[in-house]
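Good morning, colleagues. I would like to take a few minutes to introduce a structure that is new to most of this group. Please look at the display as I speak.

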Amino acid sequence: MLYGKKDQERKKSYVIEPIFGTKAESQDIPKYKLGENPVEPSVAYRLVKDELLDEGNARQNLATFCQTYMEDEATLLMAETLEKNAIDKSEYPRTAELENRCVSMLADLWHAPEAIEYVGTSTVGSSEACMLGGLAMKFRWRNNAEKLGLDLQVQKPNLVISSGYQVCWEKFCVYWDIEMRVVPMSVAHMSIDVTKVMDYVDPYTIGIVGILGITYTGKFDDIAALDALVEEHNRQTDYKVYIHVDGASGAMFVPFIDPELVWDFRLKNVVSINTSGHKYGLVYPGIGWVLWRDKAYLPEELIFEVSYLGGKMPTMAINFSRSASPIIGQYYNFLRFGFEGYRAIHERTKQVAIFLANEIKKTGLFEVYNDGRNLPIVCYRLKESVEVEWTLYELADRLQMKGWQVPAYPLPPDLQTIIIQRYVVRADFGQSMAEEFIEDFNAALKELEQARILFHDKGEHGVQGFIH
Ligand SMILES: *Cc1c(COP(=O)(O)O)cnc(C)c1O
């Protein structure tokens, strides 16, 4: 019979109803308060997935350093290991072993001296890794200062860094009550000014941070020059300072592409390095790493023994429980790509960045600050001599119409009048995507030049995009 079904029978057929025919689909979903009743898993899946439908397409997001592609095998492996708790090294000793192998591979990649014992750990990302690097510097400084009889009440400890710092360093200084001594960047010095940096150092300095890949522009601090200055300084004083390298983006790129550049543990005063596995380590977020060249630079107070998960295990990360699957994803990539694989991927990424920079130069409108040769980051401003009605914010808007997310933002203090645009080229941004982008880019320029478009008032437009 085709009609007259009783309610009871209808219920039975409920599970074969098309998802968009279900009751749950006909209602506004629970948003800020738990719903009364459960929903079918397949329906819940669809509902949540659809909630996320109008987010930008991650692959077209040129603003982020974070990976937006991994191989199917890696994704499967990570999905299958989501339940593993990275902190629980007794329950998951093989996972802990994979973490150790990753630390060893990074130590090797960064030339940790063989004669001494390096230490390192995975973290959620570079932010946690920087926090640990900074804390180790603070504790080492304090132990040393106490020994030397320095009055610790007179002033706060300080950290020296260029104004191109990523926000995690500001957090570090606020959380741990440290004065941030910021060496200003200028047009002449778009990275740490090595002619001035030592003026900021005093007996209360816990350390200096060198950045391998300034987030704003992709430029590198001259770590070798910094090392030479620190060496000279340390020869003359007992209040020694050391360098932490924030290699969030560069530390997993430069070793493959420019192995001659000396920025790592080959430099005596570089005592710790962090990186984001989810940037050029090619893993989905969140995974980071921090290593110390010698365990002497990681004060014992920062190593905790945990016994309540079974065996006795040292831990030094800030976070406790989290999924180990990104660690496993990192190990997969190391195993799968090897040195040559990483080199080949990064080299191609770099060539795409150089192509983009050249195309942008060809328009004659832009001054390119970073052309993709050190990191595959392209960053430019409108030339001062160019008279146009539109701004980089409007250009970003037009590109967004084609799905491209391209940030436009001011440089940090002292350079804040300069508005730049930045592309972070990643492994999943191939040459043909780049050609397509340039087509859209040139069309956007033409549109801005020719169409009757109402522009925002000058200064009204906020920062667009995500600076990380
Ligand atoms: C991205 C970035 C960070 C923060 O890293 P997360 O992994 O996102 O926590 C820190 N420093 C620099 C230089 C960065 O580029």
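**A covered strand and a ligand site**

Let me begin with strand S1, whose two faces are both covered: Val119, Thr121 and Thr123 are buried on one side, and Gly120 and Ser122 are buried on the other. Please keep in mind that this is a predicted model. In a regular strand, side chains alternate between the two faces of the sheet. Strand S1 spans residues 119-123, and 5 of its 5 residues are buried.

Which strand is joined to S1, and in what direction does it run? The partner is S7, residues 288-292; the two strands run antiparallel and are connected by 5 bridges. Within this pairing, Thr121 of S1 is placed opposite Val290 of S7.

I now turn to the ligand. There are 14 residues around the ligand, and those that come nearest are Ser126, Ser127, Asp246, His278 and Lys279. By class, this shell consists of 9 polar, 3 nonpolar and 2 charged residues.

Which distances separate polar side-chain atoms from oxygen atoms of the ligand? For Thr215, the distance from a polar side-chain atom to a ligand oxygen is 3.1 Å. For Ser276, the corresponding distance is 2.8 Å. Lys279 also takes part, with an N or O atom of its side chain 2.8 Å from an oxygen atom of the ligand. How much of the ligand does the protein bury? Taken alone, the ligand exposes 380 Å², and the protein buries 92% of that area.

Terms used
Residues numbered from 1 in each chain as written. Predicted model: local features only at pLDDT ≥ 70, side-chain atom pairs only at ≥ 80, totals over all residues. Heavy atoms only, no water. Buried < 20%, exposed > 50% of the residue type's maximum accessible area, 1.4 Å probe, protein only. Helix = DSSP H or I, 4+ residues; strand = E, 2+ residues; numbered from the N terminus. Pairing = 2+ DSSP bridges. Near = heavy atom within 4 Å. Polar contact = N/O pair within 3.5 Å; in protein donor to acceptor, adjacent residues only side chain to side chain. Areas by Shrake-Rupley, 256 points an atom, 1.4 Å probe, with all protein chains shown as cover. Nonpolar A, V, L, I, M, F, W, Y, C, P; charged D, E, K, R; others polar.
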